[in-house]
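Open the model in your viewer, with the sequence panel alongside, and follow the stops below in order. Each stop names what to select and then says what is there.

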Amino acid sequence: MKYNVSQLLKEPIGSERVFTITEGEATETLNPVQTAVGQVKLVRTHQGIWTQAWLTALIVQDCSRCLEDFSHSLELEIDEEYFPEIDVKTGRHEIAPSEWEGFYIPADHTLDLGEAVRQSALSTLPLKPLCKPDCIGICDRCGIDRNHKRCDCYTENIDPRWAALRSLIVEPQT
């Protein structure tokens with residue numbers, strides 16, 4: 001997801017470009033994002049390039065209950081400004097504003113959207129990802145994935161004083 005913005009940096013403020021990201025574009029080093037599809041809009045500002053992106057990213061995570069890998073999609077919105085390190089017209093090194101906290105466009109004038117996508121994905125990941133809403137998880141005694149096999153770890157007799165609570169346990173349907 002790299003875009004050469006040298007021509008856009010030469011144009012007047014307000015000039016824009018719109019790009020469509022297709023399914024075939026993968027993100028090699030943007031763990032946990034595997035692929036992303038959507039639309040990117042680049043707008044020339046007085047300082048650099050304002051980037052807006054609306055993406056659907058395919059994310060791989062570990063289930064917090066059964067520890068199996070699973071994929072799911074995540075809707076991402078990116079709204080960032082990129083500041084050029086080198087003035088495209090003069091070749092002079094630009095000094096970023098003192099309060100700048102955004103991304104930079106390197107000397108080759110290639111805007112790389114990858115890091116913004118990665119950061120956006122990491123900030124919107126679920127804190128407790130589940131492979132499916134009714135995932136049972138692994139047995140805390142023997143380690144068997146209870147979604148695939150049943151174990152007999154909790155079939156022993158319990159103290160009769162606690163027997164009334166057994167009716168509150170919902171047994172999974174397998």
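Select I138 to begin, a residue in the segment after α2, where helices (H or I, at least four residues) and strands (E, at least two) are DSSP runs numbered from the N terminus. With a relative accessible area of 33%, I138 is partly exposed, on a scale where buried means under 20% relative accessible area, exposed means over 50%, and partly exposed lies in between (1.4 Å probe, protein chains only). This is a predicted model, in which local features need pLDDT of at least 70 and side-chain atom pairs count only at pLDDT 80 or more, whereas totals for chains, interfaces and linings use all residues. Residues are numbered from 1 along each chain as its sequence is written, and side-chain values use heavy atoms, with hydrogens and water left out.

Now display the surroundings of I138: leaving aside residues up to four places away in sequence, I138 touches R65, C66, L67, G143, I144, D145 and R146, contact meaning heavy atoms within 4.5 Å. If you then draw a distance from I138 to L58, the C-alpha atoms are 25 Å apart in space, and the two residues are 80 apart in sequence.

Move next to L130, which also lies in the segment after α2 and which, at 27% relative accessibility, counts as partly exposed. Its contacts, again without residues up to four places away in sequence, are C63, S64, R65 and F70. The C-alpha atoms of L130 and F70 are separated by 8.5 Å, although these residues are 60 apart along the chain.

Staying in the segment after α2 (114-124), select I158, which is partly exposed at 38% relative accessibility. Add W162, L165 and L168 to the selection, and you have a nonpolar surface patch whose four residues together have about 440 Å² of accessible area. Such patches are made of residues with over 30% relative accessible area and no salt bridge, with nonpolar side chains (Val, Leu, Ile, Met, Phe, Trp, Tyr) joined within 5 Å and like charges within 9 Å; the areas come from the Shrake-Rupley method with a 1.4 Å probe, and for residues only the protein chains shown count as cover.

Where are the salt bridges? The structure holds 3 of them, each being a side-chain nitrogen of Lys or Arg within 4 Å of a carboxyl oxygen of Asp or Glu. Select E115 and R118, whose closest N and O atoms are 2.8 Å apart; these two residues are 3 apart in helix α2, and so are separated by about one helical turn. Both are partly exposed, E115 with a relative accessible area of 30% and R118 with 23%.

Turn then to K41 and E16, whose side chains meet in a salt bridge at 3.8 Å, N to O. This pair links distant parts of the chain, since K41 belongs to strand β3 (residues 33-44) and E16 to strand β2 (residues 16-21), 25 residues apart. K41 counts as partly exposed at 25% relative accessibility, and E16 is partly exposed as well, at 42%. The remaining stop of this kind is R17 with E11, a salt bridge of 2.5 Å, N to O.

Keep R17 selected and follow the strands: its bridge partner in β3 is L42, and 6 bridges join β2 to β3, which run antiparallel. Two strands pair if DSSP finds at least two bridges between them. From L42, step across to T51, which stands opposite in β4; β3 and strand β4 (residues 49-62) pair in the antiparallel sense over 11 bridges and form a hairpin with 4 residues between them.

For the aromatic stop, show the rings of Y82 and F103, whose centres are 5.2 Å apart and whose planes lie at 25°, so the pair is stacked. Rings of Phe, Tyr and Trp (its six-membered ring) pair if their centres lie within 6.5 Å, with planes under 30 degrees apart counted as stacked, over 60 as edge-to-face and the rest as tilted. Y82 is buried, with a relative accessible area of 1%, and F103 counts as buried at 16%.

Finally, select H109 in the loop between β6 and β7 (110-112), a residue that counts as buried at 12% relative accessibility. Beyond residues up to four places away in sequence, H109 touches Y3, N4, V5, S6, L9, I86, D87 and V88.
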